[in-house]
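Me: Please take one part of this model and look at it closely, from what covers it to the charged pairs and contacts around it. I would like the answer as a single connected account.

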Amino acid sequence: MSKKLLFNLPRPTVPIFTRATIDTSTEFPIRRIYCVGRNYREHAIEMGHNPDRELPFFFQKPADSAVVCCPSSSISTVPYPMATSSLHYEAELIAAISKDGRKISTDKAMEHVYGYSLGCDLTRRDLQAEAKKMGRPWDAAKGFDSSCPLTPIIPKEEIDMGDDTQIQLEVNGDLRQSSPLAKMIYSVPEIVSHLSELFFLRQGDLIMTGTPAGVSELAVGDEVSITCGEMLPCRFIVGP
């Protein structure tokens with residue numbers, strides 16, 4: 001006897017972008033969104049933590065927290081979340097996984113990466129600070145609705161992503177974050193390898209790779225722009 005679902009839920013997806021156009025006929029289905037914490041030395045310092053290299057730690061956002069910011073359409077609006085008075089931006093490079101694997105070696109890690117996106121790890125900083133003080137999980141601080149604005153994914157073969165590539169974030173035209181990717185404590189292959197020791201990575205997983213120093217608050221009406229080399233810019237407005 002076949003099973004019948006009580007209701008159907010749509011699966012979140014991200015468009016694939018090629019040099020020619022956004023291929024709206026091909027979408028990248030999102031399974032999970034992993035995030036690595038404090039992966040830039042200066043950001044670790046500004047958050048009051050030891051900047052020395054230690055094993056990376058991870059948390060997650062729900063797949064449906066993704067908000068696709070397409071350059072060909074009008075600028076996206078991301079609502080200011082409820083239950084906070086301190087919404088922070090965090091610009092991040094995102095690696096998209098297209099090959100299953102666990103216990104992946106660093107030298108094989110890029111075989112599992114399909115391409116890259118650019119996004120923002122929006123954070124309820126006041127809730128995160130309270131969770132840290134109480135020794136509680138960060139779910140409410142990191143995994144709320146629309147907490148992951150991101151761009152369409154570009155296949156890795158179509159972009160030049162060198163160590164000197166700068167990731168930058170502007171708010172209303174003012175530069176707030178800027179750092180070369182070389183300042184990541186753990187590189188993308190190292191992140192993939194470490195994460196695969198904790199979880200069986202699957203097709204459709206996204207990995208947010210950490211944010212540089214300069215995080216701060218956003219207000220309703222602020223316009224955010226994130227750039228990183230040849231990546232598509234991630235632009236959105238904070239709505240009411």
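**The surroundings of α4**

Reply: In this predicted model, the cover over the buried residues of α4 includes β3, β4 (58–61), β8 (91–97), β9 and β15. The element is mostly covered, with six of its eight residues buried, and these six are Val188, Pro189, Ile191, Val192, Ser193 and Leu195.

Val188 also leads to the largest pocket, since this residue, together with Tyr116, Met161, Asp163 and Met184, belongs to the group closest to the pocket centre among the 14 residues of the lining. The pocket has a volume of about 200 Å³, and its lining divides by class into ten nonpolar, two polar and two charged residues.

The loop that comes before α4 brings in the first charged pair. Lys183 and Glu42 form a salt bridge through their side chains, with an N to O distance of 3.8 Å. Lys183 sits in the loop between β14 (174–180) and α4 (188–195), whereas Glu42 belongs to helix α1 (residues 41–46), so this pair ties together parts that are 141 residues apart in sequence. Glu42 is partly exposed at a relative accessible area of 33%, and Lys183 is partly exposed as well, at 43%. The contact distance can be read against the 4 Å limit for a salt bridge, because a Lys or Arg side-chain nitrogen has to lie within that distance of a carboxyl oxygen of Asp or Glu.

A second pair involves β15, which is among the elements covering α4. The side chains of Asp205 and Arg31 meet in a salt bridge at 2.9 Å, again from N to O. Asp205 lies in strand β15 (residues 205–208) and Arg31 in the loop between β2 (22–29) and β3 (32–36), so the pair ties together parts that are 174 residues apart in sequence. The two partners differ in their surroundings: Asp205 is buried, with a relative accessible area of 0%, while Arg31 is partly exposed, with a value of 26%.

With β4 and β9 also in the list of covering elements, the loops that follow them deserve attention. Asp121 is placed in the loop between β9 (113–120) and β10 (123–124), where its relative accessible area of 0% makes it buried. A polar contact of 2.8 Å joins its side chain to that of Lys61, and a network of salt bridges links Asp121 and Lys61 with Glu90, Arg125 and Lys142. Apart from neighbours within four places in sequence, Asp121 is in contact with Phe59, Lys61, His88, Tyr89, Glu90, Glu92, Lys142, Ser147 and Met208.

After β4 comes Ser65, in the loop that leads from β4 to β5 (66–68). Ser65 counts as buried, with a relative accessibility of 1%. Its C-alpha atom is 4.4 Å from that of Ser146, although the two residues are 81 places apart along the chain. Beyond neighbours within four places in sequence, the contacts of Ser65 are Ile33, Phe144, Ser146, Ser147 and Cys148.

Leu150 extends the picture. This residue lies in strand β11 (residues 148–150) and counts as buried, at 0% relative accessibility. When residues up to four places away in sequence are left out, Leu150 touches Val14, Ala66, Val67, Val68, Cys69, Ile94, Ser117, Leu118, Gly119, Leu206 and Cys234. The C-alpha atoms of Leu150 and Pro233, which are 83 residues apart along the chain, are separated by 9.0 Å.

For the wider setting of the charged pairs, a search of the whole structure finds ten salt bridges. One further pair is formed by Lys133 and Glu130, whose closest N and O atoms are 3.7 Å apart. Both residues lie in helix α2 (residues 125–134), three residues apart, which is about one turn of the helix. Lys133 counts as exposed at 66% relative accessibility, whereas Glu130 is partly exposed at 38%.

Note on methods:
Residues numbered from 1 in each chain as written. Predicted model: local features only at pLDDT ≥ 70, side-chain atom pairs only at ≥ 80, totals over all residues. Heavy atoms only, no water. 1 Å grid on protein atoms, 1.4 Å probe; cavity = no way out; pocket = protein on both sides within 12 Å on 5 of 7 lines; lining within 4 Å. Points joined across faces, edges and corners; volume = space filled by probe spheres on them. Nonpolar A, V, L, I, M, F, W, Y, C, P; charged D, E, K, R; others polar. Helix = DSSP H or I, 4+ residues; strand = E, 2+ residues; numbered from the N terminus. Buried < 20%, exposed > 50% of the residue type's maximum accessible area, 1.4 Å probe, protein only. Contact = heavy atoms within 4.5 Å. Polar contact = N/O pair within 3.5 Å; in protein donor to acceptor, adjacent residues only side chain to side chain.
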